[in-house]
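Dear colleague,

Here is the structure I said I would pass on. My notes on its pockets, its cavity and one arginine follow below it.

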Amino acid sequence: MTRKSYAEQLEDLRENVLNMGKTVHERLDQALEAMIQVDVEWADEIGKGDDQIDETYVDIERKCSDLLALQQPVASDLRLITASFKIITDIERIGDKVVNLTDYTKLIKDKRILDQEDMLKLGNFASRMLEDALECYNLQSAEDAREIVERDDDMDQMCEKSTNKILGHLIEKESETLDTEEATRLGQQVSTELLTIRDLERVADHATNIAARTIYLVTSTRELI
């Protein structure tokens, strides 16, 4: 294998990672929109697409393994391969969270505790973090990647505020007399919304990981991984 073809394989790897990330990002935005609209049929279709993401992950994983086994990567190439392998793991896990969001959509039956605007704000913030993290990987921008890492604290604070709002509503309702059916519905709604917040926070965490891997790729420092 010539050095040129090896360079082409590295470029293919980078493009494959970006394409996988773009697909998952699009699915995330669709899942958020389906949830806001409570479109159960759309959510179900989005959820079915996860098998394709898993297949893509396995294919890129194999390519990473082949490059490591068949070549002798220099330091910068080795960082690209290992960082890419870690990044697709985070992308795949975001894909799993997308499936969770589609499942939660199917459970929405009553008026939400957290209003649509607040939930959409959380979702859009996490989505933007993922989009920007992928762009940092594409451009190999360590400076912008560090800015994304800092955003994770903002996401954590937003999620904590939303969680407290839901728990406050639950405490308020517990002071009322609810029949069994009302209590069951309330418990399911609280659980669904808390799980939604948790998974959006996890999306942001994985986006942060992608940014941290990019910093390692560019600078070779392991400060955040």
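The lining of the second largest pocket divides into 3 nonpolar, 1 polar and 4 charged residues. This is a predicted model, and the pocket in question holds about 180 Å³ of space. Its lining residues are Leu 114, Asp 118, Lys 121, Leu 122, Met 158, Lys 161, Ser 162 and Lys 165. Helix 5 (116-139) and helix 6 each give at least two of them, with the largest share, 4 residues, coming from helix 6.

The largest pocket has a volume of about 260 Å³. Helix 6 (142-174) and helix 7 are the elements that contribute two or more residues to its lining, and helix 7 has the largest share with 4 residues. By type, the lining has 7 charged, 3 nonpolar and 2 polar residues. Among the lining residues are Asp 110, Lys 111, Arg 112, His 169, Glu 182 and Gln 189.

As for enclosed space, the count is 1 cavity of 30 Å³ or more. The largest cavity takes up about 50 Å³ and is lined by Met 35, Ile 108, Arg 112, Met 119, Gln 189, Thr 192, Glu 193 and Thr 196. Of these, 3 are nonpolar, 3 polar and 2 charged. Helix 7 (residues 180-219) supplies the largest share, 4 residues.

One residue to look at separately is Arg 79, in helix 4 (residues 75-105). Arg 79 is buried but has no salt bridge; Asp 77, the nearest side chain of opposite charge, is 8.5 Å away. A polar atom of the Arg 79 side chain does lie 3.0 Å from the backbone oxygen of Leu 217.

Regards

Definitions and conventions
Residues are numbered from 1 along each chain as its sequence is written. This is a predicted model: local features need pLDDT of at least 70, side-chain atom pairs count only at pLDDT 80 or more; totals for chains, interfaces and linings use all residues. Side-chain values use heavy atoms; hydrogens and water are left out. On a 1 Å grid over the protein atoms alone, a cavity is a set of points where a 1.4 Å probe fits but cannot get out, and a pocket is an open set with protein on both sides within 12 Å along at least five of seven lines; lining residues have an atom within 4 Å of a point. Grid points are joined across faces, edges and corners, and a volume is the space filled by probe spheres set on the points. Ala, Val, Leu, Ile, Met, Phe, Trp, Tyr, Cys and Pro count as nonpolar, Asp, Glu, Lys and Arg as charged, and the others, Gly among them, as polar. Buried means under 20% relative accessible area, exposed over 50%, partly exposed in between (1.4 Å probe, protein chains only). Lys and Arg count as positive and Asp and Glu as negative; His and the chain ends are not counted. A salt bridge is a side-chain nitrogen of Lys or Arg within 4 Å of a carboxyl oxygen of Asp or Glu. A polar contact is a pair of N or O atoms within 3.5 Å; within protein, one must be able to donate a hydrogen and the other to accept it, and residues adjacent in sequence count only if both atoms are side-chain atoms.
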